[in-house]
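Let's work through a handful of exercises together. Keep the structure open next to you and try each task before reading its solution.

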Amino acid sequence: MQLKRMFSTDGVKGTKGYLDSQKKYEILRTVVYFGISVSLFIAGYVQTKERANLLSIVAILGCLPASKSAVGMIMFLRFKSFGGQPAQEVEQHAQGLDCLYDMVFTSYKKNFVVSHLAVRGNTVCGFSDGGGQFLENEFYRHIGNILKMDGHKTVTVKVFTNLEKYAERLEQMRQLEPDETVTRAVIATLKSVAL
């Protein structure tokens, strides 16, 4: 966990720059895990002059968590954090709202990358920086089912691919009456199902 804190501002999913810091963490963790397995194999071979020894078995078993870590690394290498001028513009309009950054929602068929999410009570709005490639209807069906299963039956979700329209919607959301209990519960659900 100490390594994770080194790369992330606070090590929490949904914070700005999470995907980039998590990427570094996953790469380092994978290299360390495979390094331990290789060093155990080499130590066993140097000590016994044979490949078949107890340390070789431990090294092979050590490849299991290393391989799992490699899968996580590959998943994170596919995505990049939300930043630059669009992120600055969104931050100006999202002041006072509870926000999540770099959210990647996975389903059996598709991954949905939502660069920024703003939550106020039962209203969730997001911005996808992926251009016109965002499959809105599939995402609404996927995330709507998850929210309903977690007891949030009246939550409305809208994801924008146009930055200007998203900025307008953020300004409208700032006028909504905040319900902190519902907001925190919805955020917890969204974080629990994101990569």
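**Exercise 1: an unusual backbone angle**

Lysine 49 has a relative accessible area of 61%, so it counts as exposed (exposed means over 50%, buried under 20%, partly exposed in between, with a 1.4 Å probe and protein chains only). A quick note before going on: this is a predicted model, where local features need pLDDT of at least 70 and side-chain atom pairs count only at pLDDT 80 or more, while totals for chains, interfaces and linings use all residues. Residues are numbered from 1 along each chain as its sequence is written, and side-chain values use heavy atoms, with hydrogens and water left out.

Task: find where lysine 49 sits, look up its phi, then do the job again for aspartate 102.

Solution, step by step:

- Step 1. Lysine 49 belongs to the loop between H2 and helix H3 (54-77). Helices here are DSSP runs (H or I, at least four residues), strands are runs of E (at least two), and both are numbered from the N terminus.
- Step 2. The phi of lysine 49 is near 65 degrees, which is positive even though the residue is not glycine.
- Step 3. Aspartate 102 also has a positive phi without being glycine, this one near 55 degrees.
- Step 4. Look at the setting: aspartate 102 is part of strand S1 (residues 98-106), and with 3% relative accessibility it counts as buried.

**Exercise 2: charged pairs**

Task: how many salt bridges are there, and what do arginine 29, glutamate 136 and glutamate 171 pair with?

Solution, step by step:

- Step 1. Start with the idea: side chains of opposite charge can pair when their charged atoms come close.
- Step 2. Apply the rule, which asks for a side-chain nitrogen of Lys or Arg within 4 Å of a carboxyl oxygen of Asp or Glu. The count comes to 5 salt bridges.
- Step 3. Arginine 29 pairs with glutamate 26, at 2.9 Å from N to O. Both lie in helix H2, 3 residues apart, or about one turn of the helix.
- Step 4. Check the cover on that pair: arginine 29 is partly exposed at 22% relative accessibility, whereas glutamate 26 is buried at 5%.
- Step 5. Glutamate 136 meets lysine 158 in a salt bridge, 3.2 Å from N to O. This pair links distant parts of the chain, 22 residues apart: glutamate 136 is in helix H5 (residues 136-149) and lysine 158 in strand S4 (residues 156-160). Glutamate 136 is partly exposed at 26%, and lysine 158 is partly exposed at 35%.
- Step 6. Glutamate 171 pairs with arginine 174, with their closest N and O atoms 3.3 Å apart. They are 3 residues apart in helix H6, so about one helical turn separates them.

**Exercise 3: helices side by side**

Task: which way do H2 and H3 run relative to each other, roughly parallel or roughly antiparallel? Then try H4 with H6, and H5 with H7.

Solution, step by step:

- Step 1. Two packed helices are described by the angle between their axes and the distance between the axes. Axes are lines fitted to C-alpha atoms, for helices over the stretch in contact, and angles between N-to-C directions run from 0 to 180 degrees.
- Step 2. Know the classes: under 35 degrees is roughly parallel, over 145 roughly antiparallel, 65 to 115 roughly perpendicular, and the rest oblique.
- Step 3. The axes of H2 and H3 come within 8 Å and cross at roughly 165 degrees, so H2 and H3 are roughly antiparallel.
- Step 4. For helix H4 (residues 84-93) and helix H6 (residues 163-174), the axes come within 9 Å, crossing at roughly 20 degrees. H4 and H6 are therefore roughly parallel.
- Step 5. The axes of H5 and helix H7 (residues 180-193) come within 10 Å and cross at roughly 120 degrees, so H5 and H7 are oblique.

**Exercise 4: one phenylalanine**

Task: which helix holds phenylalanine 41, and how far is its C-alpha atom from that of isoleucine 57?

Solution, step by step:

- Step 1. Phenylalanine 41 lies in helix H2.
- Step 2. Its relative accessibility is 33%, so phenylalanine 41 counts as partly exposed.
- Step 3. The C-alpha atoms of phenylalanine 41 and isoleucine 57 are 8.2 Å apart, with their positions 16 residues apart along the chain.
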